[in-house]
Amino acid sequence: MRDRKILLIVGGGVAAYKTLELPRRLQERGVATSAVLTEAAQAFVTPLSMGALTGAPVHTELLSLTAETEMGHIELSRSADLLVVAPATADLMAKMAHGLANDLASTLLLATDKPVLIAPAMNVRMWEHPATQRNLKTLRGDGIAVIGPEEGSMACGEYGPGRMAEPSQLLEAIMAALSDHAAAGRSAARPLAGRRAVITSGPTHEPIDPVRYIANRSSGRQGVAIAEALADLGAEVLFVTGPAEAARPRGAARILAVETAREMREATLGLIDGETAPPDLAIFAAAVADWRVAAAAGSKIKKQRSGAPPTLQMAENPDILKEVSQLPAARRPRLVIGFAAETDDLLENARAKRARKGCDWLVANDVSAASGVMGGAMNEVVLLTET
């Protein structure tokens, strides 16, 4: 990564403060950073603080007489290996999508011939507005890479998708974009470009009371690995994860964190039905709990003096794979892939599950104790298809 250069364009939003961490961490990896602050960004981050961290002049004005004698804004847009927009506000995304160039940031983004990575950040209502979603679709179609936004609490007091990706995630995405592999991928055909994939991953936690839950040993590594592979091939990855050890795949367009099976169902169907057309691909790698406590206790269940264990009434969780597999053709993803974790009679049980659920393919995992797969880092699978 030595001698690589980043142009960091900071938009006007509370999340701008997160960008101050990037120059130092990039410098540790041999990557130099130049910065551009929009007028609004300067309300949150000063040119002095950003300049001290980048070790380079910070640019704020489009028409600088010194720089413009040599068409400085054109040179600035093309001297970097990658342009990073963080936070990418709704206003900046709109300007990029419609080709506007009325300030330094938007002019640089229109004049560049280098790859661009954006990290959206805005109020949840702004993010979910049809205009923003149209702009997002346009930008992706133009080849702009997108990371986030994340779901969580916001400075405005609301909760939902709209939080900018954390610096560690953004750093990882930047390094991936600069890698030789990513550079080769940009110049070669990306066979899944323009395709959308919904992936579920990790375990679910089903509450017994406020301090106990039913869970399994899924680490989420398998789902993350699949998501990253699809993103590398050009797919737009929509990732739904339970509370897993590995929960944040590089390159995912959107990550939704859930806890229970019912929450996973709601998030998954929301992604499938939330677009004008269903996703091209749905992969159900999550180890969803088959059962939950029918009525979780509102307070901690105490030990009985008699020593008798509590009696828990169980209820069946929704079968997300089966429900999506059997959706009407107009709503169903073109390819639905399920997973089977079996300790005995792997192929027999897997074939029966594929027929029972109605999915197109099924990935069979041997998770018996001897395999060391469940919660582990290595795996071998059997892929079952119709033929």
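# Reading a predicted model, feature by feature

Mentor: Let's start just after helix 8, where G143 has a positive phi of about 90°. Keep in mind as we go that this is a predicted model.

Trainee: Okay! What is the general idea about the sign of phi?

Mentor: Most residues other than glycine have a negative phi. G143 is written with a G, for glycine, and its phi is positive. Now try a residue that isn't glycine.

Trainee: Let me pick D345, then. What is its phi near?

Mentor: Phi of D345 is near 45°, so a positive value turns up in a residue other than glycine. You'll find D345 in the loop between strand 17 (335-342) and helix 14 (346-357).

Trainee: Is D345 buried or exposed?

Mentor: D345 counts as exposed, because its relative accessibility is 52% and the cut-off for exposed is over 50%.

Trainee: Back to helix 8. How do I check the span of a helix like this one?

Mentor: Use 1.5 Å a residue. Helix 8 has 12 residues, 130-141, and should therefore span 16 Å. Its end C-alpha atoms are 16 Å apart, which agrees.

Trainee: And which residues of helix 8 are buried?

Mentor: Those are T132, N135, L136 and L139. They cover an arc of only 105° around the axis, so they sit on the same side of helix 8.

Trainee: Why do residues three or four places apart point the same way?

Mentor: Because an α-helix has 3.6 residues a turn. Look at the other side of helix 8 and you'll see R134, K137 and G141, which are exposed.

Trainee: What covers the buried residues of helix 8?

Mentor: The cover includes helix 5 (90-98), strand 5 (116-120), helix 7 (124-128) and strand 6 (145-146).

Trainee: How many of the eight residues of helix 6 are buried?

Mentor: Seven of the eight, so helix 6 (residues 104-111) is largely enclosed by the rest of the structure. The buried ones are L104, A105, S106, T107, L108, L109 and A111.

Trainee: What about D103, where is that one found?

Mentor: D103 is in the loop between helix 5 and helix 6. With a relative accessible area of 21%, D103 is partly exposed. Leaving aside residues up to four places away in sequence, D103 touches L62 and K95. Its C-alpha atom is also 7.9 Å from that of T38, though the two are 65 residues apart along the chain.

Trainee: Peptide bonds next. What are most of them, cis or trans?

Mentor: Most peptide bonds are trans. Here, though, the bond from A86 to P87 is cis, with omega near -10°. P87 belongs to strand 4 (residues 82-88). Another cis bond joins G148 and P149, where omega is about 5°. P149 lies in the loop between strand 6 and strand 7 (150-153).

Trainee: How many salt bridges does the structure hold?

Mentor: It holds 19 salt bridges. To read one, look for a side-chain nitrogen of Lys or Arg within 4 Å of a carboxyl oxygen of Asp or Glu. Take R221 and E245, whose closest N and O atoms are 2.9 Å apart. R221 lies in helix 11 (residues 221-232) and E245 in the loop between strand 12 (236-241) and strand 13 (254-257), so the pair ties together parts that are 24 residues apart in sequence. R221 is partly exposed, at 30%, whereas E245 is exposed, at 62%.

Trainee: And how far apart are the closest N and O atoms of D360 and R332?

Mentor: They are 3.1 Å apart, in a salt bridge. D360 sits in the loop between helix 14 and strand 18 (361-366) and R332 in the loop between helix 13 (320-325) and strand 17, so this pair ties together parts that are 28 residues apart in sequence. At 15% relative accessibility, R332 counts as buried, while D360, at 23%, counts as partly exposed.

Trainee: Which residues are linked in a network of salt bridges?

Mentor: K18, R163 and E166 are. Within that group, the side chains of E166 and R163 meet at 3.4 Å, N to O.

Trainee: Last one: which residues form a nonpolar patch on the surface?

Mentor: V14, Y17 and F44 do, with about 310 Å² of accessible area together. To locate Y17, go to the loop between strand 1 (4-10) and helix 1 (22-27).

Conventions: Residues numbered from 1 in each chain as written. Predicted model: local features only at pLDDT ≥ 70, side-chain atom pairs only at ≥ 80, totals over all residues. Heavy atoms only, no water. Patch = residues over 30% accessible without salt bridge, like charges linked within 9 Å, V, L, I, M, F, W, Y side chains within 5 Å. Areas by Shrake-Rupley, 256 points an atom, 1.4 Å probe, with all protein chains shown as cover. Helix = DSSP H or I, 4+ residues; strand = E, 2+ residues; numbered from the N terminus. Expected span 1.5 Å × (residues − 1). Buried < 20%, exposed > 50% of the residue type's maximum accessible area, 1.4 Å probe, protein only. Arc of directions from axis to C-beta. Contact = heavy atoms within 4.5 Å.
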